[in-house]
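Student: I would like a careful look at one part of this model, with the surroundings explained as you go. Please take your time.

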Amino acid sequence: MIDDDRFDQLECERDGDVVRATIESESKLNALNQGLADELHAFAIACTEDETLRCVTLVGSGGAFCAGADIAPWAGDERDGATVRRLATTLHDAILEFHTMDAPLVVGVNGVAAGAGFSLTLSGDVVCCHEDARLEYAYSRLGLTGDGGSTFYLPRIVGVRRAREIALLDEPIAPERAVELGLATEVVPDDSFEDRLEAVSSQLASGPTRAYGATKRLINRSLERGLADQLAAETDAIATATHGEDYRRGYEAFFTGEKPEFVGE
């Protein structure tokens, strides 16, 4: 069970099978501090362990998604190594949970998403960008390398050459361009942003959650395998799926012409 009382920098709301986490960082522009990273990790674990959960939505507050790490308390020299290592490790643990959980992750980018916020955006299964959003790689301007899975997701989404361009030139990416590159799913106008997030989350929550999770894992590992190994994994996954309640419901609905009512099992 996801308990909102556990969090100070995340506001968690559950509506049926969907949970929404709103980043309310103590740092400016929802920047990532250690406390927020700890809470994101705890939240991600809770989402993974809650078998009744069928969709997760992550959004920012106050017109910002996440402006990267809060570097204000840092020293600006090699003493920051331990701080950065701990912060990155915690963020990475959270992203690994989001990456592998069955429930789809919908990210609503409602403002600047830079550095760690950029990486969190890339981890989404569906990414809705507010018309005023802005994506920025941002690491290189600090003389740093990317973290948060950015160097994993970028080449897989946009290709190696384009990934190098985004990381090295580090130019702001407008919402329309983010969709063209595949970094985001769609651009949503201000007056319909919240409604669209709710609609996408509800649609995914009504789908076959276990099949979604298995499909995510197949896609996640597809670039690591040769064709024969991927085909074997597909065989195992689709055969396993026939043991689920969702398959039985989908099979029956196929012959009646009705929309199946999946239960996520």
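Student: In which helix is Ala-214 found?

Tutor: Please keep in mind that what you are looking at is a predicted model. Ala-214 belongs to helix H8, which covers residues 209-221. With a relative accessibility of 22%, Ala-214 counts as partly exposed, because the label "buried" is kept for residues under 20% and "exposed" for those over 50%. If you then look for Thr-52, you will find that it lies 162 residues from Ala-214 in sequence, while the two C-alpha atoms are 16 Å apart in space.

From here we can turn to the sheets. One of them is an open sheet of six strands, arranged in the order S1-S2-S3-S5-S7-S9 and with mixed pairing. Its edges are strand S1 (10-15) and strand S9 (186-188), each of which pairs on one side only. On average, and with direction ignored, neighbouring strands of this sheet are turned by 20° against each other. Where S1 meets strand S2 (residues 18-23), the two run antiparallel and are joined by six bridges, and you can follow one pairing by eye, since Arg-14 has Val-19 in S2 as its bridge partner. Helix H1, made of residues 34-49, packs on this sheet and touches S1, S2 and strand S3 (55-60), with a direction that makes about 20° with that of S1.

Between S2 and H1 there is a loop, and two of its residues deserve a slow look, namely Leu-29 and Asn-30. Most residues other than glycine have a negative phi. Leu-29, however, has a positive phi of about 55° although it is not a glycine, and Asn-30, also not a glycine, has a positive phi of about 55° as well. How far is each of them covered, then? Leu-29 has a relative accessible area of 45% and is therefore partly exposed, whereas Asn-30, with a value of 5%, is buried. Leaving aside residues up to four places away in sequence, the contacts of Asn-30 include Ile-23, Leu-36, Gly-60, Ala-64 and Cys-66.

Cys-66, one of the residues that Asn-30 touches, leads us on to the other sheet. There, three strands form an open sheet in the order S4-S6-S8, and the pairing is parallel. Strand S4 (64-66) and strand S8 (134-136) are the edge strands, each pairing on one side only, and neighbouring strands are turned by 10° against each other on average when direction is ignored. Two bridges join S4 to strand S6 (residues 112-114), and these strands run parallel; in this pairing Cys-66 stands opposite Ala-113 in S6.

Finally, let us move to the surface, where Tyr-247, Tyr-251, Phe-254 and Phe-255 make a nonpolar patch of about 520 Å². Tyr-247 sits in helix H10, which spans residues 245-256. Its relative accessibility is 40%, so Tyr-247 counts as partly exposed, the label that we also met for Ala-214 at 22% and for Leu-29 at 45%.

Methods. Residues numbered from 1 in each chain as written. Predicted model: local features only at pLDDT ≥ 70, side-chain atom pairs only at ≥ 80, totals over all residues. Heavy atoms only, no water. Pairing = 2+ DSSP bridges. Helix = DSSP H or I, 4+ residues; strand = E, 2+ residues; numbered from the N terminus. Axes fitted to C-alpha atoms, helices over the stretch in contact; angles between N-to-C directions. Contact = heavy atoms within 4.5 Å. Patch = residues over 30% accessible without salt bridge, like charges linked within 9 Å, V, L, I, M, F, W, Y side chains within 5 Å. Areas by Shrake-Rupley, 256 points an atom, 1.4 Å probe, with all protein chains shown as cover. Salt bridge = Lys/Arg side-chain N within 4 Å of Asp/Glu carboxyl O. Buried < 20%, exposed > 50% of the residue type's maximum accessible area, 1.4 Å probe, protein only.
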